[in-house]
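Hi there,

Here is the structure I promised to pass on to you. Have a look at it first, and then read on for my notes.

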Amino acid sequence: MQILPSERSPASFGRVAVLMGGNSSERPVSLNSGKAVLAALQRAGVDAFGIDLYGDDGSANPMAQLQAQPIDIAFIALHGPGGEDGTIQGALEMLQIPYTGSGVMASALGMDKMRCKQLWSSLQLPSPPYRLLSSSSNWDAIAKALPLPAMVKPAHEGSSIGMVRVETPEQLASAYDSASGYDSCVFAERWIQGREYTVAILDNQALPVIRLETPHQFYDYDAKYLANDTRYDFDTLLDETQTEEIKSLALKAFSAVGCRGWGRVDLMQDAEGQFWLLEVNTSPGMTDHSLVPMAAREAGLSFEQLVVKILASVG
Ligand SMILES: Nc1ncnc2c1ncn2[C@@H]1O[C@H](COP(=O)(O)OP(=O)(O)O)[C@@H](O)[C@H]1O
Ligand SMILES: [Mg+2]
């Protein structure tokens with residue numbers, strides 16, 4: 001698939017504010033994304049500047065920062081609650097500042113892994129069976145229903161934060177305890193044993209599929225940001241039909257949530273070859289070694305071309 005770089009002149013975007021930082025647990029990742037995006041936009045000749053919404057000590061006022069100077073477009077390089085969940089998108093709507101990526105509703109929904117699963121299953125889009133957990137859950141019954149092993153997840157976190165693989169009802173209970181420290185909504189999802197994939201989406205097209213491989217039990221925080229033994233492979237071990245299937249599933253999942261512009265869908269494939277949707281990311285990592293830039297590069301787009309294309313997709 002050939003994706004042409006945007007032909008728009010860099011000056012035509014006007015003053016572009018790259019929003020970064022935020023106050024979610026993904027703040028450090030967002031600062032890295034934001035700095036990389038800002039540098040790339042500037043290299044591409046766009047009149048861009050950065051805004052760290054809360055500042056290093058958390059004391060800056062995000063709304064005041066957004067109104068302190070004229071902004072023609074906001075490039076959202078925020079991850080997690082506050083920046084990826086419709087909150088900042090709503091603020092930008094109020095201020096009539098166009099912004100990159102998904103709107104208020106899709107951002108809010110995309111941030112909620114469990115509600116995405118409910119939506120997808122209503123459309124017959126496969127996502128692993130799950131159970132909502134609470135302090136009064138019957139752990140034995142849940143263990144039997146799923147069945148175990150399972151992954152316990154806070155519904156609104158990212159970067160694998162608070163996630164634990166469990167094999168026994170006792171582990172289920174203690175994983176719930178730790179995950180509920182991150183989120184009031186925690187669920188357990190059937191463990192999928194198999195390969196892991198991610199599909200980046202840009203302008204309603206799927207970019208080349210990436211297969212992820214880690215010696216860790218799963219693609220956890222360490223494997224994502226610290227380890228050097230995580231493998232990202234364009235040799236997906238999928239034939240042409242399966243490649244079309246996974247891309248089409250990712251695009252359907254993306255549009256079911258109402259996403260626009262760009263994003264990324266995470267999936268797994270079990271031993272029988274069945275694909276399972278894990279989640280959609282409406283504001284994924286954007287450092288130059290993040291997954292979307294990696295997929296874009298494989299499609300022939302440099303990091304600079306990618307960020308300009310994301311800007312150009314703002315309606
Ligand atoms: N049901 C599952 N079975 C096996 N591994 C899983 C399952 N759900 C998640 N994982 C692993 O955990 C990682 C993070 O899960 P994900 O749902 O993508 O959340 P996030 O990336 O937002 O933290 C995945 O990349 C995958 O390695
Ligand atoms: Mg993920």
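Let me start with a loop: Pro 147 sits between helix 6 (139-145) and strand 5 (150-154). The peptide bond that leads into this proline from Leu 146 is cis, with omega near -15 degrees. Pro 149 belongs to the loop between helix 6 and strand 5 as well, and a cis peptide bond joins Leu 148 to Pro 149, this one with omega at about 0 degrees. Please keep in mind that this is a predicted model.

Two further backbone spots may interest you. Gln 96 has a positive phi, near 55 degrees, although the residue is not a glycine. You will find Gln 96 in the loop between helix 3 (87-94) and helix 4 (104-110). Is Gln 96 buried or exposed? Its relative accessibility is 72%, and since anything over 50% is called exposed, Gln 96 counts as exposed. Leu 237 also has a positive phi without being a glycine, here near 65 degrees. The loop that holds Leu 237 runs between strand 11 (231-233) and helix 9 (240-257). With a relative accessible area of 42%, Leu 237 is partly exposed.

Now the metal site. Which protein residues are donors of the magnesium ion (ligand 2)? They are Asp 266, through OD, and Glu 279, through OE, and they lie 2.0 to 2.1 Å from the ion. Asp 266 is part of strand 12 (residues 262-270) and Glu 279 is part of strand 13 (residues 275-281), so the pair ties together parts that are 13 residues apart in sequence. Both Asp 266 and Glu 279 are buried.

On to a sheet. There is an open sheet of three strands in the order 2-1-3, and the pairing is parallel. Strand 2 (47-52) and strand 3 (73-76) are the edge strands, each pairing on one side only. On average, neighbouring strands of this sheet are turned by 30 degrees against each other, direction ignored. Strand 1 (residues 15-20) and strand 3 run parallel and are joined by four bridges; Val 16 has Ile 73 as its bridge partner in strand 3. Helix 1 (residues 27-43) packs on the sheet and touches strand 1, strand 2 and strand 3. The direction of helix 1 makes about 160 degrees with that of strand 1.

Finally, the overall picture. How many helices and strands does the protein have? There are eleven helices and 13 strands. The C-alpha trace spans about 60 × 50 × 40 Å along its principal axes. For 315 residues, a compact globule would have a radius of gyration near 20 Å, and the 19 Å of the protein agrees with that. Of the 315 residues, 55% count as buried. Among contacts with a separation of 6 or more, 67% come from residues 24 or more positions apart. The protein exposes about 13,500 Å², and carbon and sulfur atoms supply 49% of that area.

If you want a place to begin in the viewer, try the magnesium ion with Asp 266 and Glu 279, and then go to the loop between helix 6 and strand 5, where Pro 147 lies.

Best wishes, and happy browsing!

Methods:
Residues numbered from 1 in each chain as written. Chains lettered and ligands numbered in written order. Predicted model: local features only at pLDDT ≥ 70, side-chain atom pairs only at ≥ 80, totals over all residues. Heavy atoms only, no water. Pairing = 2+ DSSP bridges. Helix = DSSP H or I, 4+ residues; strand = E, 2+ residues; numbered from the N terminus. Axes fitted to C-alpha atoms, helices over the stretch in contact; angles between N-to-C directions. Contact = heavy atoms within 4.5 Å. Rg over C-alpha atoms; globule rule 2.2 N^0.38 Å. Buried < 20%, exposed > 50% of the residue type's maximum accessible area, 1.4 Å probe, protein only. Areas by Shrake-Rupley, 256 points an atom, 1.4 Å probe, with all protein chains shown as cover. Donors = N, O, S within 2.8 Å, 3.2 Å for Na, K, Ca; no water.
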